[in-house]
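This report looks at how side chains meet one another in a protein model. Please have the sequence and the 3D view open while reading.

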Amino acid sequence: MSSEKERKKLANKLQPLYDGIYSLKDSQGREISETFQRLPLRTGTDYYKVIKVPVSLHGVGRYIKKYVYR
């Protein structure tokens, strides 16, 4: 089990990576992350059959701030 100090240290390493992913843009200047900021609707897609533990980019950011990752 990771100590809180270790989780904070990991969060400090993950945050710049998260920020970098969030700010990526395509050749037209559109944010690439926009597609991943929210989870898709549950209707009309097989997403939730394929992805067993779905998480949005916003969710990843919350997990980093709460030191969930070990």
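Why are Y18 and Y22 separated by about one helical turn? Both belong to helix α1, which covers residues 4-22, and they are four residues apart in that helix, so about one helical turn lies between them. An α-helix has 3.6 residues a turn, so residues three or four places apart point the same way. The model discussed here is predicted.

**Aromatic pairs**

A pair of aromatic rings is described by the distance of the centres and the angle of the planes. Searching the whole structure gives three aromatic pairs. In one of them, the ring centres of Y18 and Y22 are 5.6 Å apart and the planes meet at 40 degrees, so this pair is tilted. An angle of 40 degrees is called tilted because stacked planes are under 30 degrees apart and edge-to-face planes over 60. Y18 is buried, its relative accessible area being 13%, while Y22 is partly exposed at 21%. The cut-off explains the two labels: buried means under 20% relative accessible area.

Y63 and Y69 make up an aromatic pair of the edge-to-face kind, with 5.9 Å from centre to centre and 80 degrees between the planes. Y63 is partly exposed, with 36% relative accessibility. Y69 is partly exposed as well, with 30%.

A ring can also have a charged side chain over its face, as in the next case. R42 lies over the face of Y48, and the distance to the ring centre is 4.1 Å.

**Salt bridges**

Side chains of opposite charge can pair when their charged atoms come close. How many salt bridges does the count come to? The count is three, and the table lists them.

| Acidic residue | Basic residue | N to O distance |
|---|---|---|
| E4 | K8 | 3.7 Å |
| D26 | R30 | 3.0 Å |
| D46 | K49 | 3.7 Å |

The salt bridge of E4 and K8 lies in helix α1, where the two residues are four apart and so separated by about one helical turn. E4 is partly exposed, at 44% relative accessibility, and K8 is partly exposed too, with a relative accessible area of 36%.

For the salt bridge between D26 and R30, the acidic partner D26 is partly exposed at 26% relative accessible area. In the salt bridge of D46 with K49, D46 is partly exposed, with a relative accessible area of 48%. K49, by contrast, is exposed at 59%, because the exposed class begins over 50%.

**Helix α3 and its surroundings**

Which residues of helix α3 are buried? Helix α3 covers residues 57-65, and its buried residues are L57, G59, G61 and I64. These buried residues of α3 pack against α1. Just after α3 comes Y67, which takes a positive phi of about 60 degrees.

**A nonpolar patch on the surface**

Where the surface is concerned, L17, I21, L24, I32 and F36 together make a nonpolar patch of about 470 Å². One of these residues, I21, is found in helix α1. I21 is partly exposed, with a relative accessible area of 40%.

Helix α1 thus comes up several times in this report. The helix holds the tyrosines Y18 and Y22, the residues E4 and K8, and I21 of the nonpolar patch, and the buried residues of α3 pack against α1.

Definitions and conventions
Residues numbered from 1 in each chain as written. Predicted model: local features only at pLDDT ≥ 70, side-chain atom pairs only at ≥ 80, totals over all residues. Heavy atoms only, no water. Phe/Tyr/Trp six-rings, centres within 6.5 Å; stacked < 30°, edge-to-face > 60°. Buried < 20%, exposed > 50% of the residue type's maximum accessible area, 1.4 Å probe, protein only. Lys NZ or Arg CZ within 6 Å of the ring centre and 35° of its normal. Salt bridge = Lys/Arg side-chain N within 4 Å of Asp/Glu carboxyl O. Contact = heavy atoms within 4.5 Å. Patch = residues over 30% accessible without salt bridge, like charges linked within 9 Å, V, L, I, M, F, W, Y side chains within 5 Å. Areas by Shrake-Rupley, 256 points an atom, 1.4 Å probe, with all protein chains shown as cover.
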